[in-house]
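Subject: Structure for you to look over

Dear colleague,

I am handing over the structure below, together with some notes on what was found in it. Please read the notes with the model open beside you.

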Amino acid sequence: MSAPVTQAAVQRFVAQCREALAAGRCERVVLVSYQGGQSDIDALGQGLQRVTLRPVMLKGVPHLSAVWRFPTKDITKNAPVAAQLDAIGRWLDAGAFRNAHLHTPGQEVQLAISRKGKASVRVGAVQPDAAKSRPSDGEPGAAVEAEASAAAHNREKHRLLSLSRPFLRELGVTDAQGRLIPAMSRKWKQINKFIEVLSAALARSRLADRDRLHVVDFGSGKGYLTFAVHDWLTHSLGRHPQVTGVELRADLVALCQGVIDALGLQGMAYEQGDVRQYTPETLDVMIALHACDVATDYAIHLGIRAGAEIILCSPCCHKEIRPQLLSPHPLRPILRHGIHQAQEAEMLTDGLRALLLDAAGYDTQVFEFISLEHTNKNKMILAVRREQRGASDEIVRQIQDIKAFYGLQNQCLEALLRADGLLPA
Ligand SMILES: C[S@@+](CC[C@H](N)C(=O)[O-])C[C@H]1O[C@@H](n2cnc3c(N)ncnc32)[C@H](O)[C@@H]1O
């Protein structure tokens with residue numbers, strides 16, 4: 001739990017929220033970088049990413065409608081303005097959130113709370129054009145829909161990346177005017193979501209305040225995510241990372257290197273290589289978005305071996321397990337359908353990967369990171385390193401039981417970890 005924070009700054013921030021609400025000028029209040037330790041918040045779920053509160057009228061009474069965003073769900077809760085502001089003040093006083101933002105037309109008030117509990121308030125102007133270019137939000141809020149219409153025009157998506165960033169133009173995501181090219185809208189949503197997940201993971205990892213960190217993107221392809229991570233870390237967070245894309249295809253490496261050269265980017269590189277042989281000197285964050293089949297296992301293995309603090313991957317084409325899969329009684333009549341076999345193979349592969357990460361000393365989550373309408377490769381495995389390393393016998397036993405039940409002989413990640421002595425023989 002953080003130290004007590006400077007109450008005057010918190011009171012000033014809450015007072016500005018109260019005034020903006022009373023004057024009908026509050027667009028939204030956003031709380032980010034949750035530090036844990038509040039029982040009423042912890043009861044809602046794990047891995048809170050941010051809380052976005054918007055003014056709404058319910059039965060003629062001003063309320064704040066809060067959307068609590070977690071990696072796998074959004075929870076909407078409404079409370080009368082005074083009670084909600086009291087709660088915000090209490091959380092901020094306790095240092096539960098490191099940053100809070102009040103958005104009004106043309107202005108943003110930011111409260112920042114340092115690790116030592118020192119709080120400061122900054123007021124900045126918002127460019128009207130930047131506000132206009134943000135696409136619509138789409139956050140759930142069904143219960144208040146009817147009465148929220150007055151605030152509807154404020155429902156703008158707060159994205160961590162901005163469409164105006166030059167790398168997006170170079171990669172063909174935006175046009176020369178910084179407008180999203182319609183054919184790239186799915187990719188745009190994916191990389192934004194990926195950055196959101198990375199942002200939350202970073203905040204609760206040992207890298208939370210690290211200025212210099214090495215991020216490696218395996219199977220980086222055309223580099224959308226690699227550039228996005230570099231841009232977000234340098235431009236938005238002001239850090240000094242080294243971001244490396246590793247890609248098998250020389251033509252894609254040349255293409256991405258061309259973008260680095262064109263933009264004169266520092267702290268970024270592309271290497272032509274095979275994830276099965278690649279060994280970086282340091283590795284703090286391992287990412288792999290849709291690295292094919294067992295390339296994901298090799299990437300995870302490399303992350304574990306290098307002691308990466310965060311391992312973040314969205315697997316694709318699960319080919320290894322399916323031919324080995326037996327149809328054990330009483331699942332046989334269900335698994336005789338090809339589609340069920342494919343689904344079972346995918347679930348088993350990613351379930352075993354998650355257990356192996358747990359056994360290797362990571363807190364691991366598997367979740368849908370973007371809705372199916374944007375991509376069917378929508379599963380995310382997120383692992384953040386715990387203090388304790390080393391295999392847990394209980395988890396290793398669970399893995400053996402699952403393999404025995406389905407008659408699985410080989411799983412790539414398990415074999416790699418065993419060969420390294422990172423799992424009991
Ligand atoms: C489906 S694409 C994903 C590209 C990128 N991550 C994205 O999401 O936009 C997978 C990429 O992984 C690369 N790849 C496949 N196996 C690899 C390996 N063993 N080592 C390095 N790259 C690999 C492929 O060449 C391809 O560019």
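The notes below take up confidence, the ligand, the helix contacts and two backbone details, in that order.

Please keep in mind throughout that this is a predicted model. The mean pLDDT of the protein chain is 86, and 89% of its residues reach 70 or more. A stretch that calls for caution is residues 128-156, over which the pLDDT is below 50, although this stretch has 40 contacts in the model beyond near neighbours in sequence.

Turning to the ligand, the model places 19 residues around it, and the closest of these are G219, G221, L248, V275 and L289. Three elements, α7 (224-236), β9 (242-247) and β11 (285-292), each supply at least two residues of this shell, and the largest share, four residues, comes from β11. Sorted by class, the shell around the ligand holds 10 nonpolar, four polar and five charged residues.

The helix contacts can be followed starting from α11 (residues 338-359), whose axis comes within 9 Å of that of α12 (residues 393-406), the two crossing at roughly 160°. Because the angle is over 145°, α11 counts as roughly antiparallel to α12. The crossing of these two helices, α11 and α12, is left-handed. On the α11 side the contact is made by L348, L352, L355, L356, D358 and A359, which meet I395, V396, Q398, I399, I402 and Y406 of α12; by class, the residues of this contact are 10 nonpolar, one polar and one charged.

Helix α11 also packs against α13, where the axes come within 9 Å and cross at roughly 25°. With an angle under 35°, α11 is therefore roughly parallel to α13. This contact is formed by L352, R353 and L356 of α11 together with L413, E414 and L417 of α13, and its residues divide into four nonpolar, no polar and two charged. If you set the two contacts of α11 side by side, you will find L352 and L356 listed both in the contact with α12 and in the contact with α13.

Helix α13 (residues 412-419) in turn packs with α9 (residues 295-305), at an angle of about 35° and with the axes 9 Å apart, and here the crossing is right-handed. From α9, the residues D297, I300, H301 and I304 meet C412, L413, L416 and L417 of α13, and the residues of this contact comprise six nonpolar, one polar and one charged. L413 and L417 of α13 thus appear in the contact with α9 and also in the contact with α11.

Finally, there are two backbone details that you may wish to look at in the model. Most residues other than glycine have a negative phi, and most peptide bonds are trans. Against that background, H329 and P330 are joined by a cis peptide bond, with omega of about 5°, and P330 is found in the loop between β12 (310-316) and α10 (332-335). The other detail concerns S33, which is not a glycine and yet has a positive phi of about 60°; S33 is found in strand β1 (residues 28-34).

With best regards

How values were computed: Residues are numbered from 1 along each chain as its sequence is written. This is a predicted model: local features need pLDDT of at least 70, side-chain atom pairs count only at pLDDT 80 or more; totals for chains, interfaces and linings use all residues. Axes are lines fitted to C-alpha atoms, for helices over the stretch in contact, and angles run from 0 to 180 degrees between N-to-C directions. Angles under 35 degrees count as roughly parallel, over 145 as roughly antiparallel, 65 to 115 as roughly perpendicular and the rest as oblique. A crossing is left-handed if the near helix is turned anticlockwise from the far one by less than a right angle, and right-handed if clockwise. Two residues are in contact if their C-beta atoms, placed from the backbone, lie within 7 Å. Ala, Val, Leu, Ile, Met, Phe, Trp, Tyr, Cys and Pro count as nonpolar, Asp, Glu, Lys and Arg as charged, and the others, Gly among them, as polar. pLDDT is the predictor's confidence in each residue, from 0 to 100. A residue is near a molecule or strand if its C-beta atom, placed from the backbone, lies within 6 Å of it.
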